Amino acid sequence: MATQSRKPAHKKSRAREEEVRSKKAATRKKMAAKKDSKKKRTKIILFIVEIFVLLLMVVVLYGVLKTEKVGKVEIPEEDIVINEEVKVKEETTMKGYRNIALFGVDSTTGALTKNTRSDSIMIASINQDTGECKLVSVYRDTYLNLSNDSYNKCNAAYAKGGPEQAINMLNMNLDMNITDFITVGFAGLSDTIDALGGIMIDVDSSEISHLNNYQICMAKDLKRNYTPVSSTGYQLLDGLQATAYCRIRYTAGDDFKRAERQREVILAIMDKVKTASPATLNQIANDVFSEVYTSLDLTEILTMLGEVSRYQITEHDGFPTESLRATGTIGSKGSCVIPVSLEENVTWLHKFLFEDESYTPSEAVKGYSAKVEADTGKYLNK
């Protein structure tokens with residue numbers, strides 16, 4: 001009877017060891033494959049994250065560059081001069097009012113920071129409780145302390161020291177507490193008005209030729225087309241036409257009338273802003289913000305625009321007031337507007353803006369008033 005063959009025990013052991021090694025090798029291979037796959041996924045994720053970070057950096061960089069282009073400036077609080085007596089008034093008759101300086105500079109090239117005279121100087125005084133706003137034009141040729149104890153036409157302050165010196169000039173001579181400003185050139189004003197769809201202005205026969213002549217000059221400098229105004233009357237003006245209207249001074253009233261036209265344009269813009277939708281106003285603010293120079297943040301401007309319905313320009317006038325001003329040629333400084341008693345004009349201003357019936361100007365203003373009188377008395381053309 002045949003016997004069944006059997007494998008030796010040591011051969012079976014080697015076979016099992018070989019099988020175990022094979023399984024371990026397969027396991028290691030699978031683990032290595034998983035590890036490689038995980039590394040690849042990690043690299044992909046890191047790549048995506050890096051791309052996202054780069055995109056984020058581009059967005060941030062764009063925001064920074066846009067802000068720098070805008071010329072957003074923060075004037076250090078310690079650099080702003082406010083007369084001592086005014087600091088007391090901030091807690092009484094001036095309490096609740098926000099005063100902002102508005103500068104319109106004679107520039108088509110975007111030179112808004114300094115080295116350009118401010119053709120338009122206004123103070124917008126806002127009663128933050130009622131929303132009532134009053135506008136005062138400070139006539140650009142007014143003979144005042146430029147904030148450095150030199151006396152000249154007040155629009156020279158912006159040319160010499162930009163908005164900081166111009167604000168200090170207003171604060172020192174007028175007993176104001178201005179810390180914020182907005183500066184705009186011809187392009188910024190024109191684009192704002194165009195974005196609003198134009199404004200309604202009453203043009204008379206003495207103004208048409210001057211308006212069109214200014215348009216020709218600005219259109220050439222700004223490299224834009226222009227449309228001549230051909231008829232008189234209350235009509236819709238586009239941005240370039242309205243900006244040219246602001247510049248007219250060769251008619252009856254001279255520079256006093258020009259400042260009145262500038263306030264008229266501000267009022268017309270305000271009327272148009274109130275009819276615009278919030279989305280339109282936001283778009284305009286974003287588009288035009290790069291053409292202004294200001295201490296205000298875009299978000300702050302947007303907030304104010306969002307509340308525009310509660311603001312109302314109730315009164316506007318010019319400084320020095322008509323009954324307390326004269327003109328005269330002050331030597332090499334040329335034809336100036338002379339405050340006949342700066343002290344009395346400042347008393348009038350605080351009554352007009354803040355309804356302070358018994359305002360007494362600061363000792364600083366009294367000193368400037370005496371100096372203006374001494375410099376200009378013999379030149380007065382009343």
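Leaving aside its neighbours within four places in sequence, which residues is Thr-142 in contact with? Hi everyone, let's start there. The list is Asn-152, Lys-153, Cys-154, Phe-319, Pro-320, Val-337 and Pro-339. Please keep in mind that this is a predicted model.

So where does Thr-142 sit? You'll find Thr-142 in the loop between S3 and S4. Is Thr-142 buried or exposed? Thr-142 counts as buried because its relative accessibility is 0%, and the cut-off for buried is under 20%. The side chain of Thr-142 also has a polar atom 2.6 Å from the backbone oxygen of Tyr-139.

Let's step back to the whole chain. We have 382 residues, and 43% of them count as buried. Along the chain there are 11 helices and 12 strands. Now take the contacts between residues at least 6 apart in sequence: 71% of those join residues at least 24 apart.

Next, the inside. The largest nonpolar core has 48 residues, and the members that touch the most others are Phe-103, Leu-170, Leu-174 and Phe-319. You've met Phe-319 already, as one of the contacts of Thr-142. Which elements each supply at least two residues of this core? Among the strands, they are S1 (97–105), S2 (118–127), S3 (132–138), S4 (143–145) and S12 (335–339). From the helices come H3 (156–174), H10 (342–354) and H11 (363–376). H3 gives the largest share, with 9 residues.

Let's zoom in on Leu-174, one of those members that touch the most others. Setting aside neighbours within four places in sequence, Leu-174 is in contact with Ile-123, Val-138, Leu-144, Phe-319, Val-346, Leu-349 and His-350. There is also a second, separate core, this one of 38 residues, including Ala-124, Leu-196, Met-218 and Val-273.

Finally, the outside. The chain's accessible surface comes to about 20800 Å², and 54% of that belongs to carbon and sulfur atoms. If you turn the model, look for Met-200, Tyr-234 and Leu-236, which form a nonpolar patch on the surface. Together these three have about 330 Å² of accessible area. Met-200 lies in strand S7, which covers residues 199–203. Why does Met-200 count as partly exposed? Its relative accessible area is 34%, and partly exposed covers the range between the cut-offs of 20% and 50%.

So that's our tour: Thr-142 buried in its loop, two separate nonpolar cores, and a nonpolar patch on the surface. Thanks for listening!

Terms used. Residues numbered from 1 in each chain as written. Predicted model: local features only at pLDDT ≥ 70, side-chain atom pairs only at ≥ 80, totals over all residues. Heavy atoms only, no water. Patch = residues over 30% accessible without salt bridge, like charges linked within 9 Å, V, L, I, M, F, W, Y side chains within 5 Å. Areas by Shrake-Rupley, 256 points an atom, 1.4 Å probe, with all protein chains shown as cover. Salt bridge = Lys/Arg side-chain N within 4 Å of Asp/Glu carboxyl O. Helix = DSSP H or I, 4+ residues; strand = E, 2+ residues; numbered from the N terminus. Buried < 20%, exposed > 50% of the residue type's maximum accessible area, 1.4 Å probe, protein only. Core = buried A, V, L, I, M, F, W, Y, C linked by side-chain atoms within 4.5 Å. Contact = heavy atoms within 4.5 Å. Polar contact = N/O pair within 3.5 Å; in protein donor to acceptor, adjacent residues only side chain to side chain.
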